[in-house]
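Student: Before I rely on terms such as pocket or partly exposed, I would like to see how each one is justified. Could we go through them one at a time?

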Amino acid sequence: MPATVKRFSAVANPHEIHQYLKADGVVVIEDAATQQTIDSVIDEVGTVPGGQTFALAGKSTTFATSLLMNPLYIDLTKRILTDTCIIYYENERTVSTSDPQVSQTSIITAQPGSAAWGLRRHDECHHITHPAKREADFGIAYAATDITTKTGAIRVVIGSNNWTDLRDPTKKEEYLVELRKGDALLWWVYLYHSSKPQLTKCSTQTSILLSAIATAGFRRQEENQYLAIPWEVVEKYPTEVQRFLGYSISRPYGGSVEHMEPLDFLKVKGDWSKYIPVDLI
């Protein structure tokens, strides 16, 4: 029997989902977001252009505070991308933890009759050799419209996240994923997939995906969040969103400013008398 993409409910056990992700590289979460939430994001964005539009977390407060921070996605992101190391300093050893951060957020659209994007892995900017020895990225894409084989489908090669670089995907190994509005695709970026739904020429509906990719805290972000999203927008977000966007250190020290947590640096605004030193290890 050909492999199929496993589907879970939004309240499924994260541990079970994690196991399927490690094996298959992809799962679908049904009803991951309400249609009202999806509509709120689209309303905040306004006119949705064709192709791929980045910095979605700066264009929609609802996306940044709700969809990006989906508890299941955050749970799995931490399981997959959190990294620890042991720091030795003068006869003492300390465990430092590097938490995940956002790598990029975007809207992916395809107009009727649009050609599919080619199959790819989404970890090129991290110079990964496969099978990877360390985790790089983990993504989620919400369907903002129904995505079917008539209006378009997401192409994936199940299990290819575990392949070497010497194996190329073939057409017969592709699987087409259909989503209802509000469903979400979770994928390990080592997986061969198409970044854009493949639409048939008879389609009359534009397909829209709302996407986020997280990376390990010690890696460089694909999209520079500090320039892509103005601080005037970010400062209105909850602290947990700010930290996920990268305004926190990757312990030890990574991303610090004046040997300070970025948020602490921004809060004191140059008045060091207000700064309370913290251990960055």
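Tutor: Let us start with the word pocket: on a 1 Å grid over the protein atoms alone, a pocket is an open set of points where a 1.4 Å probe fits, with protein on both sides within 12 Å along at least five of seven lines, and lining residues have an atom within 4 Å of a point. Grid points are joined across faces, edges and corners, and a volume is the space filled by probe spheres set on the points. By that reckoning the second largest pocket holds about 190 Å³ of space, and of the 15 residues that line it, the closest to its centre are Gln101, Gly217, Ser248, Ser250 and Gly254.

Tutor: As for provenance, this is a predicted model, in which local features need pLDDT of at least 70 and side-chain atom pairs count only at pLDDT 80 or more, while totals for chains, interfaces and linings use all residues. Residues are numbered from 1 along each chain as its sequence is written, and side-chain values use heavy atoms, with hydrogens and water left out.

Student: What is the volume of the largest pocket, and which elements give two or more residues to its lining?

Tutor: Its volume is about 280 Å³. The elements that give two or more residues to the lining are H5 and helix H8 (239-244), where helices are DSSP runs of H or I with at least four residues, numbered from the N terminus. The largest share, four residues, comes from H5.

Student: Why is Tyr253 called partly exposed?

Tutor: Buried means under 20% relative accessible area, exposed over 50%, and partly exposed in between, with a 1.4 Å probe and protein chains only. Tyr253 has a relative accessibility of 38%, and therefore counts as partly exposed. His259, with a relative accessible area of 47%, is partly exposed as well.

Student: What makes the backbone of Tyr253 worth a remark?

Tutor: Most residues other than glycine have a negative phi, and most peptide bonds are trans. Phi of Tyr253 is near 75 degrees, a positive value in a residue other than glycine, and His259 has a positive phi of about 60 degrees although it is not a glycine. Tyr253 lies in the loop between H8 and H9, and His259 is placed in that loop too.

Student: Which residues does the cis peptide bond ahead of Pro252 join, and what is its omega?

Tutor: That cis bond joins Arg251 and Pro252, with omega about 0 degrees, and Pro252 is found in the loop between H8 and helix H9 (262-268).
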